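Let's take a walk through this model together, starting at a pocket and ending in the packed interior. Keep the structure open as you read.

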Amino acid sequence: MGYQFKWARSVGEIISTSPLTAFFLVSLVYFYFSASPVSISGHHKSVFLAGGLNGQTSGVQGDDRIISENIGEEHMKNKSSKVPPVLSCNFEDYRSDVCEIYSNVRIHGNSSSIFFTPDQTMDLEENKTRTIKPYTRKYDNYAIANVRTVTINPLHTSTEAPKCNKYHYITAIVFSKGTYSGKNFFHDFSDVLVPLFITARQFEGEVQILMADLQPVWIEKYRKYFNQISNYEIIDFNKENQVHCYPRAIVGLYSHGDFTVDPLRTPNNYSMVDFAKLMRRAYSLERDFAINLAEDSRTKPRLLIIARNQTRKLINVAKVVTLGEELGFEVAVNESSFRTNVGEFARMVNSFDVILGVHGAGLSNEVFLPTNAVVIQIIPLGNLHWISFNYFGLGATNMKLKYVQYCISEEESTLTDLYRRDHAVFRDPGSFHSQGWGAMSKIYLDQQNVKLNVTRFKPVLTRALELLGYKNYVTWPDLSFCDN
């Protein structure tokens, strides 16, 4: 009693001398006694009981509790805060389906299964199993048919929860490499590399990639890029038999179009300029800016002609080289083979101020150009203006590259060697487009080569020199050579 009396007396002395300190002590006592077992028990309702894939259960593990408590507590406040819902899916976008899960997420890749703890406030429509094919060409029936389906399962009872084998305190991104990626540069960038940048750049490396339909050789091809996106190993989703647990997961990749980023739709307003900077950093490219002829008129600007060795070949490339040299360019010709080492080719492209090529995947290398460089796209016959601009022109202008588009005449197309001039190939290209991509591409992409009229083409190279002489950015495309 004497000790207790002494303690109370000393507290009384504190109250009389320091009201602020007394308030603190009283609050502390109140908090201690109000933390009843009942309230703690209620708080743990979202905790998983660690169970196996076959339904066996075991005790709750410490890491399970940490993940579920933090996420569960956050989402219990969801109705009165700006915290996103536990499950948010967008199946309306034309290019890709994406689901984001903010909950205790468990991923078993080999069975293509993702489990999560549903919010108690979710309605029946939200709280149901979802299926998704996480590839950015959902509108392409052939491409999407070959993509693995991923199932997203809400856990209604503790016995449904698979036991975690590995815990992660970062975000997971699950997607498919897809059908076309790995076949040419354009699809690598358009279908995976740019959409992954849109989806993952916000996490500044604190994100893990779980890739379905993974090809190890393809991963190594772009290893330096992936190292910029994620600080962690890439998991082969198809083959992974362990259950990986995350506090958050994104299933699918956001895509804004072919080879482009809309900064108004990205976290932190990331743009194609930021994507280009990331690529330059990934491959240690030295030049950030192209030559400015207004400031340096003594150095020759460098022109790279991207050659093609199969379809849409520039068959009189030697004459184009001569024309470029006569206008003052230092000219080189290089074939953009898909087997080319990406790092070596990137450094080579970065050393040029202008690239020129017939419409095709090789123009994807524009991403390695320094800012303010010029891209010249030669468009074959066949009403390919829209495709050509949206595949490469839009991305170029969004990367602060100067873009010039040149449409060839009938005389510059080798289709004149195969078809009469009154054939629908020349008179009605729309009739082939209406039959689908296969019919159109067979004629205009696979059967056609280009023989430039260098007299007609000369103003295009002259325009490129003018653009290199501007002091300021020129972000609008020059489409004037397609007006006729």
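Five elements each put at least two residues into the lining of the largest pocket: α6 (185-200), β13 (302-307), β15 (354-358), α12 (385-398) and α15 (437-444). Helices here are DSSP runs of H or I with at least four residues, strands are E runs of at least two, and both are numbered from the N terminus. The largest share of that lining, six residues, comes from α12. A pocket, on a 1 Å grid over the protein atoms alone, is an open set of points where a 1.4 Å probe fits, with protein on both sides within 12 Å along at least five of seven lines, and lining residues have an atom within 4 Å of a point.

This is a predicted model, in which local features need pLDDT of at least 70 and side-chain atom pairs count only at pLDDT 80 or more, while totals for chains, interfaces and linings use all residues. Residues are numbered from 1 along each chain as its sequence is written, and side-chain values use heavy atoms, with hydrogens and water left out.

Back to the pocket: 48 residues line it, and Asn184, Phe186, His187, Arg312 and Trp437 lie nearest its centre. By class, the lining has 20 nonpolar, 18 polar and 10 charged residues (Ala, Val, Leu, Ile, Met, Phe, Trp, Tyr, Cys and Pro count as nonpolar, Asp, Glu, Lys and Arg as charged, and the others, Gly among them, as polar).

Now follow α6 into the largest nonpolar core, where this helix gives the most, with 10 residues. A nonpolar core is a set of buried Ala, Val, Leu, Ile, Met, Phe, Trp, Tyr and Cys residues joined through side-chain atoms within 4.5 Å. This one has 105 residues, and Tyr225, Phe226 and Phe457 have the most contacts inside it. A second, separate core of 21 residues includes Leu87, Phe116, Leu210 and Ile235.

Phenylalanine 197 is a good residue to click on in α6. It counts as buried because its relative accessibility is 1% (buried means under 20% relative accessible area, exposed over 50%, partly exposed in between, with a 1.4 Å probe and protein chains only). Among the residues that phenylalanine 197 touches are Tyr225, Ile229 and Tyr270, a contact being heavy atoms within 4.5 Å. Phenylalanine 197 and tyrosine 270 are 73 residues apart along the chain, yet their C-alpha atoms are separated by 9.0 Å.

Conventions: Lists of a residue's contacts leave out its neighbours within four places in sequence.
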